2 protein chains.
Amino acid sequence: MANTRYSTALHILVLLSANREAHHTSASIAEQLGTNPVVIRRLVSDLAKAGLVSARRGAGGGVSLGADPAETSLGQIADILEYDLTFDAHDLPVREGRSHLPGAILSAIEAQRRELHTASVVELDRVTLQDLTHAATVRAGLAELVGQGMSNADIRNGYRIENGRLIPRDDR
Amino acid sequence: MANTRYSTALHILVLLSANREAHHTSASIAEQLGTNPVVIRRLVSDLAKAGLVSARRGAGGGVSLGADPAETSLGQIADILEYDLTFDAHDLPVREGRSHLPGAILSAIEAQRRELHTASVVELDRVTLQDLTHAATVRAGLAELVGQGMSNADIRNGYRIENGRLIPRDDR
DNA sequence: TGAAATGTAACAGTTTTGGTTACTTTTAGC
DNA sequence: GCTAAAAGTAACCAAAACTGTTACATTTCA
């Protein structure tokens with residue numbers, strides 16, 4: 001089974017970021033994601049430890065964003081979840097053979113593994129939660145128009161994008 | 001269970017690259033890696049399709065390197081194996097809801113996913129199979145000396161590294 | 001012709017992961 | 001205080017993915 005913790009965490013955070021006014025609970029989020037509230041709580045609990053979200057227990061409680069999306073990078077989120085952004089290493093049998101080569105090869109591969117993880121985090125640090133939220137809301141806006149029967153060409157000609165929203169071009 | 005195909009493939013290729021004179025078979029490689037010959041054959045078969053190794057059937061057959069390690073990048077190897085170098089995406093239930101937001105969020109996440117995969121391949125393209133082989137043989141040389149009771153400081157003072165081998169410093 | 005090797009299909013065993021239930025704890029409002 | 005609503009967490013289950021293994025066909029050399 002794939003490990004979708006990081007992807008799901010991103011989804012939760014974009015959801016909170018795109019709709020900060022609404023009241024969110026693990027149940028309401030789980031419903032939108034088609035999963036179980038406990039899955040959401042597990043992730044939110046980890047994100048809350050790092051202050052990225054704030055979870056309040058009890059009646060009227062729920063989940064809300066705890067940090068500025070413009071100051072939160074996707075790399076930080078991976079760090080928080082301790083999510084591996086590289087390939088999986090194999091292992092070797094413990095063996096008292098004479099040759100050091102197999103262990104040395106594995107060791108070199110693991111060094112490369114760490115290097116790729118670091119590079120991936122650097123890459124993800126270039127994107128903020130705000131950037132990702134922007135990308136999502138633009139896509140949602142486009143989907144909305146297409147759902148209303150508008151063609152992609154019409155959309156391109158009739159709208160411009162501003163702050164993640166589609167603004168009608170009335171300047172022509 | 002982790003997907004160790006890429007890591008194992010790298011190990012096989014470094015093994016072949018570090019010891020080009022020896023005769024290698026799926027059985028001999030599997031023995032060194034502590035796995036089953038079929039596992040090796042499956043990987044070698046994929047690598048052979050791309051010309052990276054050459055596998056000869058029949059008596060006296062075996063596996064040998066089919067390309068120049070200096071011209072083979074770790075990114076190419078990932079490509080050949082179609083190995084995913086990014087995070088796993090979650091999925092959404094098919095639902096005819098009104099809101100386009102959940103699907104739009106997922107779509108934005110998947111775009112980010114593809115971007116990270118591309119960046120990872122670029123990163124791995126900076127390293128050749130020769131580089132990785134060099135790193136492994138150096139480590140093996142060091143392990144050999146340590147096994148002979150030499151301290152790391154002694155090693156640093158008494159040897160220099162050249163073409164992936166430890167050369168005694170007799171220039172002092 | 002026989003032995004040695006790869007190619008491949010089929011299946012089993014293990015591990016990992018998300019889903020689920022159940023229960024505790026916290027909190028707000030009446 | 002009582003009740004309802006919410007998160008926190010432990011424990012277990014089911015499903016998926018992957019490697020390991022067996023078995024057999026095919027190829028090749030001597």
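**View 1. Polar contact between the two domains of chain A.** Across the interface of domain 1 (5-81) and domain 2 (131-168) of chain A, in this predicted model, 1 residue pair is in polar contact, with both residues at pLDDT 80 or more; a polar contact is a pair of N or O atoms within 3.5 Å, where within protein one must be able to donate a hydrogen and the other to accept it, and residues adjacent in sequence count only if both atoms are side-chain atoms. The domain bounds come from an automatic or database domain assignment. Helix H1 (residues 5-18) of chain A gives the most to the domain 1 side, with 4 residues (helices, H or I of at least four residues, and strands, E of at least two, are DSSP runs numbered from the N terminus). The two domains bury about 350 Å² between them, 80% of it on carbon and sulfur atoms, buried area being the accessible area (1.4 Å probe) that two parts lose on being put together, summed over both. In domain 1 of chain A, Val14(A), Ala18(A) and Leu74(A) lose the most area to domain 2, together 75% of what that side buries.

**View 2. The interface of chain B and chain A.** Here 50 residues of chain B are in contact with 50 residues of chain A, contact meaning heavy atoms within 4.5 Å. About 4,300 Å² is buried between the two chains, 67% of it on carbon and sulfur atoms, and 11 residue pairs are in polar contact, both residues at pLDDT 80 or more. On the side of chain B that touches chain A, H5(B) supplies the largest share, 15 residues.

**View 3. The surface near DNA strand C.** Of the 28 residues around DNA strand C, Thr4(A), Thr35(A), Arg57(A), Ser26(B) and Arg57(B) come nearest; a residue is near a strand if one of its heavy atoms lies within 4 Å of it. An N or O atom in the side chain of Arg42(A) is 2.9 Å from a base nitrogen of DNA strand C, while a backbone N or O atom of Gly58(A) lies 3.3 Å from a base oxygen of that strand. The largest share of this surface, 4 residues, comes from H3(B).

**Notes.** Residues are numbered from 1 along each chain as its sequence is written, and chains are lettered from A and ligands numbered from 1 in the order in which they are written. Local features need pLDDT of at least 70, side-chain atom pairs count only at pLDDT 80 or more, and totals for chains, interfaces and linings use all residues, whereas side-chain values use heavy atoms, with hydrogens and water left out.
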